[in-house]
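Please bring up the model for a short tutorial. We will work through it by question and answer.

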Amino acid sequence: RTAVVLFTADLRVHDHPPLHAARRSADALVPLFVRDPAVDRAGFAAPNRLAFLADCLADLDGALRERGGRLVLRTGDTVAEVCRVVRETGADEVHAAAGCTAFARAREARLRQALEEHGCRLTVHDGVDSVVPPGDVVPHGSDHFAVFSPYFRRWADQPVRAPLPAPRTVRVPEDVASEPLPSRAAVPAVSPGLAAGGESEARRRLRSWLSRHLDAYEDRHDVLDDRAGDGTSRLSPFLHFGALSPTEAVHRARAHGPGAGADAFVRQLCWRDFHRQVLAARPAVARDDYRPRHDHWRRGKDAEADLAAWREGRTGYPLVDAGMRQLAHEGWMHNRARLVTASFLTKTLYVDWREGARHFLDLLVDGDVANNQLNWQWVAGTGTDTRPNRVLNPVRQAQSHDPEGTYVRHWVPELAGLEGAAVHEPWRLTGLDRAGFDYPDPVVALADGLARFRSARAAD
Ligand code: FAD
């Protein structure tokens, strides 16, 4: 028997239910990845993610080769390519992971129908990309949870299955043709500080971060200055590409615990599942407001100019600019900085969250429809936040989470001459002192931004 294992956002061999099931029921496997232009057109094709993807595919191929197999790569429509491989190999079954986006679900439905016509069985596995699959826990009378805390309570009560081992051997039929794997070096316009991808790197990072930093996570996850080591795990890109299983991450964190660090980290992983179950139940929230009640976003030339200043990290608010520059340089941003930059755009500048979400998706290596769109909506007050009118003050946030100004001085080097927390308010300088810094004045005074926000929300 031959089985095709279709890899999508699950680029790993450890804790991989489709691979595990296929290995048990078939003698030969075709591990297949399809470069589908429709995925790119749907917004995936950002340079940082393409580069990280190339790393993940190379690493997956390496892991399969160590086990006697290899990765088969094809380009084209996923359904057509899977059917082609099924015809070429006479495969009887196809295994794939369930997805939570409208795109993934439509692709799955088409694939099921097409494979039926070939007399081939499709098995779609839950729990590959999430710990608790969308729809597994629901509140009374609804198909999803709209509020995180009650979701978390139910989620935390669910049993977590033990992670599956990687297969020891993988036999791939010899005559299956593959295109060459993409190379990271060939992707243009990648952020210079982009991290390396791949399952090996994910596992190394998980191991070292858990042993060195998990215990301090509860206290340090909001600290922007990372001189003492990463306060957060930086595992999000690996989770996004499935180079790391979220189930394994929960398991390993709990095994390392117990403690406040492990509990807080596991709770954070629950946010992924929370957003996934919202998106699965309401696919339109990738574009539309989850709570459609705010419709007075600023538009026109002034708003465009503010948006450009925000994108380029020259709003005149050092913490906002530091975050935006970290994003451009690394293709990643600390969660606290994401919250502050997103609140600044949507509340202080009152620009539509979709503009910010688009820019993040252009650059984020972990850029993810569920997490990005729904976190943006959470901050903008159109989503699942129970306090939609809260506004983060970028100066107070900077004083709390970057008290010595280290994060800001690193990313906004033109302010490096300002010591301590003075770096957060360069506009307080006057005369020649101010003129010595080549740094813009604030695009708007915070009090004016707040007044505009309140009057717009009053009109909504
Ligand atoms: P850690 O603190 O180590 O957390 C562990 C894991 O938990 C993360 O890797 C991530 O998978 C998950 N997680 C943590 N916080 C959240 C959250 N709020 N929502 C969902 N999952 C979470 N995360 C993405 O993965 N992709 C995105 O496109 C994305 N866009 C965001 C946009 C905005 C405006 C905001 C405010 C947040 C966004 N996040 C996104 C969530 C969060 O900022 C990142 O997951 C986190 O910064 C990743 O860093 P880490 O791996 O070190 O996190």
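The questions below cover a core, a helix pair and a ligand shell.

This is a predicted model: local features need pLDDT of at least 70, side-chain atom pairs count only at pLDDT 80 or more, and totals for chains, interfaces and linings use all residues. Residues are numbered from 1 along each chain as its sequence is written.

Student: Which helix gives the largest share of the largest nonpolar core?

Tutor: A nonpolar core is a set of buried Ala, Val, Leu, Ile, Met, Phe, Trp, Tyr and Cys residues joined through C-beta atoms within 7 Å. Buried means 20 or more other C-beta atoms within 10 Å of the residue's own, placed from the backbone. The largest such core has 121 residues, with Val4 and Leu32 among those with the most contacts inside it. Its largest share, 10 residues, comes from helix α3 (residues 47–66; helices are DSSP runs of H or I, at least four residues, numbered from the N terminus).

Student: How are α13 and α17 oriented to each other?

Tutor: Helix α13 (residues 318–330) packs with helix α17 (residues 394–401), their axes 8 Å apart. Axes are lines fitted to C-alpha atoms over the stretch in contact, and angles run from 0 to 180 degrees between N-to-C directions. The angle is about 75°. Angles of 65 to 115 degrees count as roughly perpendicular, so α13 is to α17 roughly perpendicular.

Student: How many residues of the shell around the ligand are charged?

Tutor: The shell has 27 residues (C-beta atom, placed from the backbone, within 6 Å of the ligand), and Thr232 and Asn375 are among the closest. Asp, Glu, Lys and Arg count as charged. The shell divides into 10 nonpolar, 12 polar and, for charged, 5.

Definitions and conventions: Buried ≥ 20, exposed ≤ 12 C-beta atoms within 10 Å, placed from the backbone. Helix = DSSP H or I, 4+ residues; strand = E, 2+ residues; numbered from the N terminus. Parallel < 35°, antiparallel > 145°, perpendicular 65-115°, else oblique.
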